[in-house]
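Subject: Structure for your review

Dear colleague,

Please find below the structure that I am handing over to you. I would be grateful if you kept it open while reading the notes that come after it.

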Amino acid sequence: MPAMARKVASPVSDDSQKENTGVRTRVKAEKMNQKKLSKGKEPMRRRVEIEEQENEKEPEEFEEEEQEDELENDEDDAQDDEEEGEERENASPKGKKRVRLNANGDSRPADSQLKAEKQGKPRGQTLPRDVDGFIPGSIVRVQLKNFVTYDFVEFKPGPYLNMIFGPNGTGKSTIACAICLGLNFPPSVLGRASELNSFVKIGTDSGYIEIELKGPKGKPNLVIRRSLNARTKSSTFTLNGQSATGREINNRMAELNVQISNLCTFLPQDKVSEFAQMTPQQLLRETQRAAGNANLTAWHDTLIGSGKELKSIQELLTADHDHLKTMEERNANLEREVKRFEERRQIERDIELLELILPFREYVEAKERYGTLKEQQRKLHEHVMTLQKRNAPILTHKGTLEREIEKCSKQRERKKTSTRQKFDLISRKAQDNEKMEQTSEDLKNQLENLKTAEKNRLREIHKLEKSIGDHQQELANPPETEDLNEIERERKRVSAERANLNNELLELQGKQKDNVAEESKIKATIDLQLRNLKQLEDASHRKFEALTRWDRDCADAVHWLRDNRHKFKMEVFEPPMLCLTVPNSNFVHAVEGCFSSSALKTFVAQCEEDYSLLNRMLIDTPDAIGRRARIHTWFKVDDGRVPPPPMTQEEMRGLGFDGYAIDYVNCPEGLKWFLKANLMLHRTAIALNSQGVDPTRAMELVSRIGPRGEGGGASYIVGTVYNNVSRSKYGKRLPQNTTRTISQARNLVSEAIDQNVKRGYEMTLADSREQLAACKQAVEALAEAEAAIRNEDRKVKAELQTVIERKEAVDKVTKRLTSLQLQIDREQKRLQQLRIQPPVDKQRAQLKTELVSLARQRASIVKDYVKLVKAAIKEQEEATRLGLQQAQLAANKQYLEDLYKEKEEEQQRALAEYQEVNKKYAEAKQESKAKLALSKAKLESVDDELRERFKEIEERGEAREKKSEQVLADLEEKRAQLDMNMHTNAGVVEQYRRRQAEIETLTKTIEERERKAGRIERAIKTARDHWQPALEALVSSIGKKFSAAFDRLGCAGEVRISEHEDYDKWAIDILVKFRDEEKLQLLTGERQSGGERSLTTILYLMSLTEEARAPFSLVDEINQGMDQRAERAIHNSLVEVTCKADSGQYFLITPKLLPDLDYAERMKVLCVNNGEWLPDETRVGNMMSMIEAYVKHKHSKGSM
C-alpha cells in the first residue's frame, strides 16, 4: 500500500495543518525547561531539601502503611536534573536532547497542563450541547458568493444529520470545499485545485465564504468570512465583523476541536480512495485524533520519542559496561603491584577512629530528627481527634431527619392510595350514570316512534291484500306451452349425432398428432446430420475432439468454461491448443516445439479474482464438472516487465533467422502476456534453413547480458533442433547450450476429414428428406377430412341449440307459476302477523314506567358522587400538606449532608497529613534505634587504645563540632591517602590513579544513564498504562459497531490493533470479507473493489461517529459503487447513529437517493437546486415554498 505523506507545517504559513501547532508549542516549552535545568546544582538541591521538609510527617497511633519513599524519589529526580544539565553541557553538537516527561507520560510540561485546566482551556474534547441542540463548533449557517458554481447561496444546516443531495454538477462538493477553505484549512485537504483563486467563480473578480459556527455555551456564535480574489492567491479573514489573521482562525478551530484535516472526520469526494490507501499506522494516528481520549495522540508521541531515546541509551550502556570491565581488569593487575601495607598503619588507625565516630554522629542526628517528628505527630493526632468529635452531632441530627422523612412518606402514600380509590369509585359512578342516561334516551325514542309505526302497519296491510289478488288472478289463467317430453326426445337424438362427429374428429386428430411427431423426428435427424457435416469441416471442432481424446478433464473444463463465461470478471482464455493458430504452416512444427504438453493445455486468467474462481470451481471442488479436474491454470499480473528480445531485427536477419516465434502465432491479445512471460516466445528465434546460421555467433548473441543485468540466456530453433542457451551461476558464468530435436506438430495442425464418415452422414440425410416429403402428403389428406367433419358438426350444433331454446321457454313458464304460489303464501303469512299485533296504548304506558324508574336511580347515583368528591378533595389536601412537610425535611437533610461533607473533607485532609507524618516518625524512630545499636557494636569491636582515644575526643567536644557528612568526607580523605601510600613506580601509580578516575567517571556516567533509562522506562510504563487501555477501549468500541454493521449486510469485518515493539509501528488493521468462500483480508487500495472500499470506509466512519470528539463530520459521495442493498443498509444505519440525542453534526453529500429510506425527525434534508437556467425571481423555484404550497393544498382539499 503506498504511504500517504503528511504535510509539513510551514513556519510562515497560516494555512498549515492544525496538528503542527501543538508540536511547536511543546518544543518551545521543552527548550525553556532545559534552560532552567542548566543553571546549576545548588538551586536544585535547595528545592529538594524544601520538598523533604514539607513531605516528612506521620503519627504512630494509626496503622503504619508501606508506601514509596518520596524523599528518595525527590533526591533521584534532583540528581537526574543535575546530571542532565551536565550532559547537555558536555554533549556534542549532534547529541539528541531528551524531552522532559510529566507524571502522565505526556511530552508536554505538566505545569502547562495544570494551568490550562485551571483556566478552563479546551483540551481537544467536544464541548457540551447548547439549548438549541448545537454543539459548540457546529455549523449554524453557510453563505457563499461567487464561489465555484454558486452566484449566491445561503443555507442553515441542522445540529444532527444533514443530507445534501442533488444532480451531478450542481455544487454539492462545492459545499465541502467551502467548509474546508472557509475555516482556513489548506486546499490540499480537498485533493482538488491547489490555489485559492481557482475557487472563485469563472467570470467574477472576487467572492467570499461566510460560515457561522456555534460558540461555547453562553457565548455568541463565531461568524468567519474569508474573502477571495480571482487575481491573487491571497485571502483575508474577518471574525465577527473584525479583521483577523489566519493564525487567529486556526486557534479558534483548535479550541473548538474542528478536525477537517483528519480523513476520519472530513472525507471529501476526491479523498475517498486515500482513506483505503492510508497505512495502518496512519489510520491509528488519525483515529486517535478523531475519537476517544483527548490525550491519546500526546501519549503516543511520548511513547515513540521515549522508546527511541531508551533504545539509544541502552546501546550506550552496553558499550560503557564493556569499557568499564576492561579498565577494571587492567587496574586490578596494577593494584596487585602497588598495594603495600608496611607504612600505612597510622593512616589505617585514623580510618578506624573515623569509622567509630561516624555511626555515633549519625545516631545523634537521627535522634534529633526523631524528636522533631514526634512533636509534629502528637499535634496532628490531637487535631484529627478534635475534628472527629466536632462532626458527631451532625450525623446524629441527620439520622433523626431521615426517620421523620420516612414516617411522613408512609403517611402520604396512605393518603394518596385512599384518594385513588375514591377517584375510582367516582369514575364508576359516572359510568353508571352515563349508561342509564343512554337507556332513558332509547326509551324516549321508542315512545316517539309508536305513532309512526301504527300508520306504517295499516299501509302495509292494504298493499299485501292487493298483491295477493293480482298473483291469484295470474295463476288462474296460465299461458299455453309445448310437450316437454317430445322436446327432450328430440334433444337426445341431436346430441347423439354430434357425439359421433366428435369421436370421428378425435380419431382424426390422433392421426395428425402421430404424423407431426414423426415429422419432428425426421427434421431433428436432418439437423443432426447437417451439424455433423459442418463439424467435419470445422477445424476448431476437430481440435476440440482431439483434445477430448487426449485429456478428458481439460475438454470437460473447456465445455464448462464456454457455458459459464458470464461468471468471470474478464475473459479467461482456453488452452493454446484451441485458441492459438499458426497461419504459416511452414513454422507450425517450430512453434509447437516451443510448447510443453502442459503449456498447450493451460487455462490463462487475466485477473486474480478469475484465477481463484477457476481453481475453486474446477480443481478444488467438484462443483463444475462433477469431479475435481486435473488441469493447468496460470495467472501473473501484467506489469509489462519482461526481458527484451536478445537480438535486434538487423542482428537476427544477419545471422539467418526468419523471426521470433511470437511473430508467427495468431491468438487473443491477452494470451500474448502468457506466451511472453511464461514461454518467452518473443525471445525464441526461428530459422527454417539450418545451413544459414552460425551456431557460435548465435550462441554469443543470445547469451549477452544487458546494461541493467537482464538477459544472459535465451532459446532459438535452427531447422529441427531446439537450442536453450543459459549462463552458469558459478565461476566465470560461461554460456552453455542444451539441445533437443523438434518432432512433427500434432496439436496446432488441423486433422483430415474421414470420407467414409462423411458419406454415411450424407446417405442418412437423403433418406430423412424422402420421409419428410411423405409426411407432408399425409398431412394434407388429414386436413381435408378434418374440414369436412367440422362443417357437418356446425350444422348439428345449430339444430341442437334450437331444441335447447324451446326447452328453456317451457321451463321458464313452469318456474314462474311455482314462484307465484310461494310468494302468495309468504304474503298471506305476513298479513296475518300485522292483523294480530297488540294495541299502541299498552306499549306507551310500559315505556313511561321504565323512564320514571331510571330517573330515581340516577338521582341516587348523583348523591353518592357528591359525597365521594368531597371526601377525595379532603384527602388530597392532607396528602399535599404531608408532601410539603416531606420536602422541607429533605431540604434540611441535604443541608446537613453538604455541611457534613465539607467537614469530612477537612477531617480527611488532616488524617492524610497525620498518616504521612506518622510514617516518617516511625521510620525516624527505627533509624535512630538502628544507629544506636550500630554505634554500640562498633565501640565494642575496637581495641582499648582506640576506645580511649574516642573518649578523649568526646570529652573535648571535637566529635560534636562536625556533622556526619564532614566525618564521612574526612574518612574518604584518609582512605585516599592510604591508597597513595605505596612503594612502587611513580608512573605505574599515576597510570593507576588516572584509570581509577576514569572508572569512577564512567561508573557515574553509567549510573546516570541507568537512572535516566529507569526514568524513561517508568515514563513509558506510565504513558502506556494510560494510552493502551484507552486505545484498546476505543478500538474495541469501534470494532464492535464495525463488525455488527458488516453482519447486518451478510459480510464480515473486524478492526483490531497491531502491536509492535516500536511504538511508531503500532497500527489499526481493518479486515473485511465480502464473500463466504473468502477469508478476512486486510483493507488496501488494491485488493478490494471501489464499491467494497467505499462500503468499508463509510462503515468505519459510522462506527467512529459515536466516539468522535469533533463538533461536525462530513463525507462526500461515499455511496458511489455500492449496490442498492448495501446503500440502503448504510443509509438506515447512518440515520440511526447520527440522529441520537447525543450525536454530533453530520453532513452526508450524495447525488442520488433510493426510495423508501428511513427518516428521523432530527435529520435535515438539503436539496441543491442550482444550475444554468434558474429563474431570476426570488420565490420562483424555491423548494420550501413549493412544499408549503402543496401541504396547504392537501389540507384545504381534505377539509372540503
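The notes below go through strands, a helix contact, the nonpolar cores, a surface patch and two backbone angles.

Please bear in mind throughout that this is a predicted model.

Strands and hairpins

I begin with β5 and β6. Strand β5 covers residues 222–229 and strand β6 covers residues 235–239; the two are antiparallel and share five bridges. One pair to look for is R225 with its bridge partner T238 in β6. The connection from β5 to β6 is a hairpin of five residues.

Strand β6 also pairs with β7 (residues 242–244), again in the antiparallel sense, through three bridges. Here F237 has A244 of β7 as its bridge partner. The hairpin of β6 and β7 has two residues between the strands.

Further along the chain there is an open sheet of three strands, in the order β16-β17-β18, with antiparallel pairing. Which strands stand at its edges? They are β16 (1052–1058) and β18 (1081–1082); each has a single partner strand, so one side of each is left without a neighbour in the sheet. As general background, strands of a sheet pair through backbone hydrogen bonds. Between β16 and β17 (residues 1067–1073) there are seven bridges, and R1056 stands opposite D1069 in β17.

A contact between distant parts of the sequence

Residue I351 lies in helix α10, which spans residues 345–476. Is I351 buried or exposed? Its relative accessible area is 7%, so I351 is buried. Although I351 and D970 are 619 residues apart along the chain, their C-alpha atoms are separated by 8.7 Å. Once neighbours within four places in sequence are set aside, I351 is in contact with L971, K974, R975 and L978.

Nonpolar cores

The largest nonpolar core has 68 residues, and the members that touch the most others are V591, F595, M647, F657 and L675. Helix α13 (residues 552–563) gives the most to this core, namely six residues. To see the surroundings of one of these members, please select M647: not counting residues up to four places away in sequence, M647 touches M652, L655, F657, Y660, A685, L701, V702 and R704. Apart from this core lies another, of 62 residues, which includes L1031, F1074, L1104 and I1130.

A patch on the surface

What do V862, Y865 and V866 form? They make up a nonpolar patch on the surface, and their accessible area together is about 230 Å². Within the patch, Y865 belongs to helix α22 (residues 840–941). With a relative accessible area of 34%, Y865 is partly exposed.

Two asparagines with positive phi

Lastly, I draw your attention to N146 and N240. Phi of N146 is near 55 degrees, a positive value in a residue other than glycine. Phi of N240 is likewise positive and near 55 degrees. Where are they found? N146 is in strand β1 (residues 139–147), whereas N240 is in the loop between β6 and β7. As for their surroundings, N146 counts as buried at 16% relative accessibility, while N240 counts as partly exposed at 39%.

I suggest starting with the hairpin of β6 and β7, where N240 can be viewed together with the strands on either side.

Yours sincerely,

A colleague

Conventions. Residues are numbered from 1 along each chain as its sequence is written. This is a predicted model: local features need pLDDT of at least 70, side-chain atom pairs count only at pLDDT 80 or more; totals for chains, interfaces and linings use all residues. Side-chain values use heavy atoms; hydrogens and water are left out. Two strands pair if DSSP finds at least two bridges between them. Helices (H or I, at least four residues) and strands (E, at least two) are DSSP runs, numbered from the N terminus. Buried means under 20% relative accessible area, exposed over 50%, partly exposed in between (1.4 Å probe, protein chains only). Contact means heavy atoms within 4.5 Å. A nonpolar core is a set of buried Ala, Val, Leu, Ile, Met, Phe, Trp, Tyr and Cys residues joined through side-chain atoms within 4.5 Å. Patches are made of residues with over 30% relative accessible area and no salt bridge: like charges are joined within 9 Å, nonpolar side chains (Val, Leu, Ile, Met, Phe, Trp, Tyr) within 5 Å. Accessible areas come from the Shrake-Rupley method with a 1.4 Å probe; for residues, only the protein chains shown count as cover. A salt bridge is a side-chain nitrogen of Lys or Arg within 4 Å of a carboxyl oxygen of Asp or Glu.
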